[in-house]
Amino acid sequence: MFDLKGRVAIVTGGTGGIGLGMARGLATAGARVVVAGRYEAKSTAAVTELRGLGAEAEAVVVDVADEAAVARLVDTTRLRWGRIDILVNNAGINIRKPPHEVSLAEWRQVLDTNLTSAFLCSKAVYPALKAAGGGKIVNIGSMMSIFGASFAPAYAASKGGIVQLTKAMAVAWARDNIQVNAVLPGWIDTELTRQARQQVSGLHESVLRRTPAGRWGTIEDMAGIAVFLGSPASDFVTGTAIPVDGGYSVQG
Ligand code: NDP
């Protein structure tokens, strides 16, 4: 039910953090994995690590907000392995400022990286998923798909958008046997949140206090949901937004 042998997965931002945690999960379940990030050295390190797990892995260096680069990512994957079965839209950034301090360029950068990229990558893989008889798209939202934060207006807008884009694609492509779901991570220890802890005072303590599990998540915590949503185990699950958050979103 969870076997991914013979499946080909693309993980955007699979070069580090949550994306790498998910890529490891998919690789361990037998998938061949392409990681897509902006930097050569990070890409090489991730591929070496995934191959160390016994998986076949490649990297394509891309900016996922660039439509031509996304087309290259999809073409390269198809040329290498002849099919695509799973896409994880994980690449993301944050620029932490209150709304009145965010410039239009900053707004666009966050929306392009976090939301437009998911649209571009999904649209680009759709013909390959359809040709394979079905497939899986996993979009990474956030607790800010649900909650607001004074320091993250563009980020929250992009992550709210991810949930609605997920639903629209799920409905549009259900008859093609393509399942589209979102994952809403709680607070996970990565480069992104290490930066946040430096910029937002008291964040570390408030995460510990507000998370019922009493700890930050790790990238290992993100592997299981990637396997579930990438495998036949989730063939009748589509259009959902699943929190992986140690209970953060349900505490009163
Ligand atoms: P990291 O900063 O560790 O990882 C982000 C990844 O995105 C990097 O590997 C980076 O790859 C890639 N990336 C960023 N911009 C681009 C781009 N333009 N083109 C291609 N790749 C890009 O952060 P996280 O692992 O924490 O975040 C991953 C996702 O999870 C994001 O969407 C984030 O919003 C979301 N998230 C994270 C939470 C957390 O607590 N950590 C909570 C909720 C959601 P490279 O550097 O190689 O370009």
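The expected span of a helix is 1.5 Å times one less than its number of residues. The exercises below apply this and a few other ideas to a predicted model.

**Exercise 1. Determine how the span of helix α2 compares with the expected span, and where its buried residues lie around the axis.**

Step 1. Helix α2 runs over residues 40-52 and has 13 residues, and the distance from its first C-alpha to its last is 18 Å, close to the 18 Å expected at 1.5 Å a residue.

Step 2. The buried residues of α2 are Ser 43, Ala 46, Val 47 and Leu 50. They cover an arc of only 100° around the axis, which means that they are on the same side of α2.

Step 3. The spacing along the chain fits a general rule. An α-helix has 3.6 residues a turn, so residues three or four places apart point the same way.

Step 4. Among the elements that cover the buried residues of α2 are the helix α1 (17-28) and the strands β2 (32-37) and β3 (57-61), whereas the face turned away from the buried side carries the exposed residues Ala 41, Thr 48 and Gly 52.

Step 5. Following the chain just beyond α2, one comes to Gly 54, which takes a positive phi of about 95°.

**Exercise 2. Describe the second largest pocket, and then characterise Asn 177, one of the residues nearest its centre.**

Step 1. The space in the second largest pocket is about 170 Å³, and 15 residues line this pocket, with Arg 7, Gly 134, Gly 135, Lys 136 and Asn 177 nearest its centre.

Step 2. Sorted by class, the lining consists of 3 nonpolar, 7 polar and 5 charged residues.

Step 3. Asn 177 belongs to the loop between α5 (153-173) and β6 (178-185), and its phi, near 60°, is a positive value in a residue other than glycine.

Step 4. Buried means under 20% relative accessible area and exposed means over 50%, with partly exposed in between. Asn 177 is therefore partly exposed, because its relative accessible area is 37%.

**Exercise 3. For two residues of helix α4, Ala 118 and Thr 113, decide whether each is buried or exposed, and list what each touches.**

Step 1. Ala 118 has its place in helix α4 (residues 104-131), and Thr 113 also lies in helix α4.

Step 2. Ala 118 counts as buried because its relative accessibility is 0%, and Thr 113 counts as buried because its relative accessibility is 15%.

Step 3. Leaving aside residues up to four places away in sequence, Ala 118 touches Asn 89, Asn 139, Ile 162 and Leu 165, while Thr 113, with the residues up to four places away left aside, touches Val 64, Ala 65, Ala 91, Gly 92 and Ile 93.

Step 4. Thr 113 and Tyr 155 are 42 residues apart in sequence, and their C-alpha atoms are 9.9 Å apart in space.

**Exercise 4. Find where Ile 219 is placed, and which residues Ile 219 touches.**

Step 1. Ile 219 is in the loop between α7 (203-210) and α8 (223-230), and this residue counts as buried because its relative accessibility is 12%.

Step 2. When residues up to four places away in sequence are not counted, Ile 219 touches Gly 17, Ile 18, Gly 21, Arg 24, Ile 188, Asp 189 and Thr 190.

Step 3. Ile 219 and Arg 80, by C-alpha positions, are 28 Å apart in space and 139 residues apart in sequence.

Notes
Residues numbered from 1 in each chain as written. Predicted model: local features only at pLDDT ≥ 70, side-chain atom pairs only at ≥ 80, totals over all residues. Heavy atoms only, no water. 1 Å grid on protein atoms, 1.4 Å probe; cavity = no way out; pocket = protein on both sides within 12 Å on 5 of 7 lines; lining within 4 Å. Points joined across faces, edges and corners; volume = space filled by probe spheres on them. Nonpolar A, V, L, I, M, F, W, Y, C, P; charged D, E, K, R; others polar. Helix = DSSP H or I, 4+ residues; strand = E, 2+ residues; numbered from the N terminus. Buried < 20%, exposed > 50% of the residue type's maximum accessible area, 1.4 Å probe, protein only. Arc of directions from axis to C-beta. Contact = heavy atoms within 4.5 Å.
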